[in-house]
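Subject: A structure for you to look at

Hi,

Here is the structure I promised to pass on. Have a look at it first, and then read on for what I found.

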Amino acid sequence: MILLDIMDKFKVGDKVRQVGINGPEGIVSNVRVETVRNTVRVSGTEEPGVTVTVLWDNGTLSHFVPEGLEKIS
């Protein structure tokens, strides 16, 4: 998934739930982009890593890759 697509898909304040699980709903509290230093890269084409932080309705705070969440209305 391209970084810009991910940044457009999830924004702080969006209501989400885990893909494929009938559980609590939550609110996106942070979207973090992590890059790899040039000296550590295996190749020059590595995509940055993206982590979505979710505060669940039950009070739990979790971190997910974007593919593990779906936005709900």
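To start with one residue: where is Asp14 found? Asp14 sits in the loop between helix 1 and strand 1. Keep in mind as you look around that this is a predicted model.

Before more on Asp14, here is the overall layout. The protein chain has one helix and five strands, and from the N terminus on they come in the order α-β-β-β-β-β. Of its 73 residues, 23% count as buried. The accessible surface comes to about 5000 Å², and carbon and sulfur atoms account for 53% of that. If you take the contacts between residues at least 6 apart in sequence, 52% of them join residues at least 24 apart.

A word on confidence. The mean pLDDT of the protein chain is 84, with 75% of the residues scoring at least 70. Among the elements, strand 1 has the highest mean, 96, while helix 1 (residues 3-9) has the lowest, 68.

Now the strands. Strand 1 (residues 15-18) and strand 2 run antiparallel and are joined by two bridges. In that pairing, Lys15 has Ile27 in strand 2 as its bridge partner. Strand 2 also runs antiparallel to strand 3, and eight bridges join these two. One place to see this is Arg32, which stands opposite Thr51 in strand 3.

Next, the inside. The largest nonpolar core has 10 residues: Phe10, Val16, Val28, Val31, Val50, Val52, Val54, Trp56, Phe64 and Leu69. Strand 2 (26-34) and strand 3 are the elements that give two or more residues to this core, and strand 3 gives the most, with four. You may spot that Val50, Val52, Val54 and Trp56 in that list are every second residue; as a general point, side chains in a regular strand alternate between the two faces of the sheet. Phe64 is a good residue to click on here: leaving aside neighbours within four places in sequence, Phe64 is in contact with Gln18, Val50, Thr51, Val52, Val54, Trp56 and Leu69.

Thr53 also lies in strand 3 (residues 49-56). Is Thr53 buried or exposed? Thr53 counts as buried, because its relative accessible area is 8%, under the 20% cut-off. Its side chain makes a polar contact with the side chain of His63, at 3.0 Å. Beyond four places in sequence, Thr53 touches Ile27, Val28, Ser29, Asn30, Leu61, Ser62 and His63.

Back to Asp14, then. With a relative accessibility of 17%, Asp14 counts as buried, even though it is in a loop. The side chain of Asp14 makes a polar contact with the side chain of Lys71, at 3.4 Å. Not counting residues up to four places away, Asp14 touches Lys9, Gly26, Ile27, Val28 and Lys71.

Last, Glu25, which lies in the loop between strand 1 and strand 2. Glu25 is partly exposed, with a relative accessible area of 29%. Which residues does Glu25 touch, not counting those up to four places away in sequence? They are Lys15, Val16, Trp56, Asp57 and Ile72. As for Lys15, its C-alpha atom is separated from that of Glu25 by 7.0 Å, with the two residues 10 apart along the chain.

Happy browsing!

Note on methods: Residues numbered from 1 in each chain as written. Predicted model: local features only at pLDDT ≥ 70, side-chain atom pairs only at ≥ 80, totals over all residues. Heavy atoms only, no water. Buried < 20%, exposed > 50% of the residue type's maximum accessible area, 1.4 Å probe, protein only. Contact = heavy atoms within 4.5 Å. Areas by Shrake-Rupley, 256 points an atom, 1.4 Å probe, with all protein chains shown as cover. Polar contact = N/O pair within 3.5 Å; in protein donor to acceptor, adjacent residues only side chain to side chain. Core = buried A, V, L, I, M, F, W, Y, C linked by side-chain atoms within 4.5 Å. Pairing = 2+ DSSP bridges. pLDDT = per-residue confidence, 0-100.
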